[in-house]
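Student: I would like to learn how to read a model of this kind, going from its broad divisions down to single residues. Could we take one feature at a time?

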Amino acid sequence: MSASLSIMVFDENRIRASIIEEGLREAGHDRVVVLHDIAGLARQIEQIQPDVIVIDIETPNRDMLEHLFQLSRSVRKPIAMFVDSSDSSSIEAAVDAGVSAYVVDGLKKERVKPILDMAVSRFKAFSRLQQELAEAKTALEERKIIERAKGILMKSRKISEEEAYSLLRQTAMNEKKKLSDIAQSVVMAAAMLGS
Amino acid sequence: MSFIGTNNGQSMGGGLAAPSAMRSEGVRVVRAGFIPLVDASVLIAAAEFGFAAREGIQLELVKDVSWANIRDRLAFRQFDVAHMLAPMPVASALNLGSNPSPVITPFTLGRGGNAITLSVNLYRRMQALADLTGDEGALANAEALKLVIDDIKVRGEPLPVLGTTYPFSSHNYELRYWLAAGGIHPDRDVKLVVVPPPMTSDALSAGAIDGFCVGAPWNMVAVAREVGRIVAVKEDIWPSSPEKVIGVRPEWADSNPETLARLIVALDRAAAWCDVPDNRRELAQVLSEPRYIDTSEDILHRVLLGRFTTDPDGHERTVPDYFSFHRNAANFPWVSQAQWIFSQMIRWGQVAHSPERQGKVATAFRPDLYRNALGPRSDIPVEDMRVEGGHRADGFIDGAIFDPQNIPEYLKGFQVHNLETRVAGDDEV
């Protein structure tokens with residue numbers, strides 16, 4: 001492999017950025033710079049002269065990069081392009097995953113593709129992670145609300161915990177609703193009735 | 001002008017009712033990307049007030065954060081159509097920018113909405129040097145800024161930094177046009193940068209920029225936060241200037257002609273509804289929701305009515321046509337306006353003129369699709385091109401007149417330009 005590529009990762013989400021950085025280093029790229037803040041991005045690009053810029057497309061600052069590339073075009077510096085426009089499947093996969101990469105013109109597609117592929121898979125892994133986290137959080141919230149509903153039922157109807165739980169479950173089955181939805185209704189009703 | 005055929009005849013303010021009947025056969029889903037701005041009103045109203053549903057379209061709006069994303073997500077079929085800057089289809093026809101891909105527009109989402117805001121400090125300096133009272137017009141303000149810039153150069157201070165939104169934006173060309181009308185060279189006398197519109201107030205108060213040209217409501221927001229002073233609005237620069245358009249992939253338009261026609265009808269009805277002043281309170285309410293613009297309903301309502309507070313001292317200004325969503329053929333995609341955008345791209349060195357390129361630009365705006373969808377109607381122009389700026393109501397700030405048949409001659413009339421800058425890879429086309 002010829003001289004290693006200089007890669008810049010711009011992502012305001014620090015966790016995601018470090019996941020990408022780690023992946024790039026594991027893949028043998030040692031010239032990786034990670035930026036989280038748009039301030040000074042232009043100066044950094046000028047100083048570091050990266051071969052590839054990987055950017056998260058959730059950032060509104062993507063339009064600033066477009067502007068920078070338009071500027072450098074008019075002063076005859078290398079033209080920055082979105083990967084190689086002939087390789088639309090790569091771009092499509094990237095856009096799907098929520099990442100973009102800009103490469104300096106003249107860099108061979110074969111050298112950029114593995115980087116982009118890696119970024120895409122890391123982005124996907126990150127969103128899976130986030131989804132799992134969100135699901136875990138929801139599950140926890142649901143358990144809490146069920147506990148509260150049970151407590152309310154036990155107190156107001158003077159029944160045992162098991163009886164309160166089966167009452168909730170039976171109602172959920174009869175109403176064809178989720179147990180947590182029924183529990184939510186109980187808690188809300190109790191709050192409205194001031195009990 | 002009431003052409004919405006509601007069954008119950010129930011009418012709301014201004015005689016235009018939100019539709020009640022619905023086209024029942026074959027509901028089609030259309031996914032539309034948009035950026036949270038007031039000029040997305042027609043698209044949002046079409047989805048929110050039943051205009052799309054009535055045409056059998058389930059309009060799914062997807063909020064995005066950058067124009068580059070809008071362009072790419074439209075290209076890669078994550079969107080069927082998108083809220084776009086009018087210069088974007090022109091840039092794509094010319095193969096400009098990163099990742100250009102084919103986009104056409106059959107419908108302009110209206111005129112107006114932009115303004116130029118300077119920091120209060122910069123404006124105070126203009127007042128001191130040019131004796132401004134605060135009620136001057138846009139041209140006088142540009143000339144005052146020129147005096148300040150001359151002074152800045154003499155003192156060796158850093159040049160003002162001004163923000164726009166995207167290299168191929170109406171904001172970029174309008175800000176440049178205004179500066180140049182005042183004798184200021186946008187690439188030599190100031191520094192132009194890109195700032196995402198929702199961040200403009202913060203950037204201004206932090207001193208990262210000294211001014212900006214963006215769409216509503218961000219200019220008014222900067223004034224409300226007492227960091228900005230509005231010095232020009234879009235109408236001052238060129239009232240007919242198209243702002244946002246509906247961008248469509250030509251391949252999608254070809255394979256979904258019926259859906260596109262229905263969408264155009266829905267947008268036309270929604271645009272007429274948005275134009276009624278009495279409907280704008282309701283519109284502001286919806287726009288203010290977090291899933292749309294997520295900002296003060298009161299500011300949005302005042303912006304929609306063109307009632308400005310231009311500076312923190314409380315100067316007021318009313319621009320009745322600050323937003324034209326429908327009247328005066330505001331939705332008609334004039335090919336001559338695509339050519340005007342092309343002329344500004346040439347003027348500022350983004351591309352060189354050639355008859356071939358001019359031919360490509362003509363295919364970016366599609367008045368034929370607009371007419372096909374809406375049928376013959378007295379308010380729809382019969383020509384695709386016209387001389388722009390020829391009428392008083394349509395005048396450019398510098399009095400120039402644009403004849404699309406003769407772009408090179410038109411460009412010779414400008415003192416301030418970048419025509420000598422030849423763009424890399426210019427001979428490709």
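Student: How far apart do the C-alpha centres of domain 1 of chain B and domain 2 of chain B lie?

Tutor: Please keep in mind throughout that this is a predicted model. The C-alpha centres of domain 1 of chain B and domain 2 of chain B are 27 Å apart. In chain B, domain 1 is made of three stretches, 13-111, 241-293 and 326-412, while domain 2 takes up 114-239.

Student: How many residues of domain 1 of chain B are in contact with domain 2 of chain B, and which helices supply at least two residues of that side?

Tutor: On the domain 1 side of chain B there are 23 residues in contact with 23 residues of domain 2 of chain B. Helix 4 (87-93) and helix 15 (335-347) of chain B each provide at least two residues of the side of domain 1 that touches domain 2, and helix 4 of chain B gives the largest share, three residues. By residue type, this side of domain 1 of chain B divides into 15 nonpolar, four polar and four charged residues.

Student: I would next like to read a sheet. In what order do the five strands of the open sheet in chain B lie, and which are the edge strands?

Tutor: The general idea comes first: strands of a sheet pair through backbone hydrogen bonds, in either a parallel or an antiparallel manner. In chain B, five strands form an open sheet in the order 8-7-9-6-10, with mixed pairing. Its edge strands are strand 8 (191-194) and strand 10 (228-233) of chain B, each of which pairs on one side only, and from one strand to the next the twist averages 25°.

Student: Which way do strand 6 and strand 9 of chain B run, and how many bridges join them?

Tutor: Strand 6 (residues 114-119) and strand 9 (residues 211-215) of chain B run antiparallel and are joined by five bridges. Within this pairing, Ile116(B) stands opposite Cys213(B) in strand 9 of chain B, and Ala115(B) has Val214(B) of strand 9 as its bridge partner. Strand 6 of chain B also pairs with strand 10 of chain B, again in the antiparallel sense and over five bridges.

Student: Is strand 6 of chain B enclosed or open to the outside?

Tutor: Six of the six residues of strand 6 of chain B are buried, so this strand is largely enclosed by the rest of the structure. Both of its faces are covered, with Asn114(B), Ile116(B) and Leu118(B) buried on one side and Ala115(B), Thr117(B) and Ser119(B) buried on the other. Helix 5 (residues 120-130) of chain B lies across strand 6, strand 9 and strand 10 of chain B, and runs at about 80° to strand 6.

Student: Why is Ser119(B) counted as buried, and which residues does it touch?

Tutor: Ser119(B) is counted as buried because 22 other C-beta atoms lie within 10 Å, where 20 or more are required. Not counting residues up to four places away in sequence, Ser119(B) touches Leu204(B), Asp210(B), Gly211(B), Val227(B) and Gly228(B). Of these, Gly228(B) is the bridge partner of Ser119(B) in strand 10 of chain B, while Val227(B) is 108 residues from Ser119(B) in sequence but 5.9 Å away in space, C-alpha to C-alpha.

Student: For contrast, where is Val387(B) found, and is it buried or partly exposed?

Tutor: Val387(B) is found in the loop between helix 17 (367-374) and helix 18 (407-412) of chain B, and it is partly exposed, with 13 other C-beta atoms within 10 Å. Leaving out residues up to four places away in sequence, Val387(B) touches Ile401(B), Phe402(B) and Asp403(B).

Student: How many residues does the largest nonpolar core have, and which of them have the most contacts inside it?

Tutor: The largest nonpolar core has 168 residues, and those with the most contacts inside it are Ala101(A), Ala46(B), Trp178(B) and Ala270(B). Helix 12 (residues 257-275) of chain B contributes the largest share of this core, eleven residues. Setting aside neighbours within four places in sequence, Ala46(B) is in contact with Phe51(B), Ala52(B), Leu59(B), Ala266(B), Leu267(B) and Ala270(B). A second, separate core has eight residues, including Ile146(A), Ala149(A), Ala183(A) and Val186(A).

Student: What does the secondary structure of chain A come to?

Tutor: Chain A has seven helices and five strands, which follow the pattern β-α-β-α-β-α-β-α-β-α-α-α along the sequence. Of its 195 residues, 32% count as buried.

Definitions and conventions. Residues are numbered from 1 along each chain as its sequence is written. Chains are lettered from A and ligands numbered from 1 in the order in which they are written. This is a predicted model: local features need pLDDT of at least 70, side-chain atom pairs count only at pLDDT 80 or more; totals for chains, interfaces and linings use all residues. Domain bounds come from an automatic or database domain assignment. Two residues are in contact if their C-beta atoms, placed from the backbone, lie within 7 Å. Helices (H or I, at least four residues) and strands (E, at least two) are DSSP runs, numbered from the N terminus. Ala, Val, Leu, Ile, Met, Phe, Trp, Tyr, Cys and Pro count as nonpolar, Asp, Glu, Lys and Arg as charged, and the others, Gly among them, as polar. Two strands pair if DSSP finds at least two bridges between them. Axes are lines fitted to C-alpha atoms, for helices over the stretch in contact, and angles run from 0 to 180 degrees between N-to-C directions. A nonpolar core is a set of buried Ala, Val, Leu, Ile, Met, Phe, Trp, Tyr and Cys residues joined through C-beta atoms within 7 Å. A residue is buried if 20 or more other C-beta atoms lie within 10 Å of its own, exposed if 12 or fewer, and partly exposed in between; C-beta atoms are placed from the backbone.
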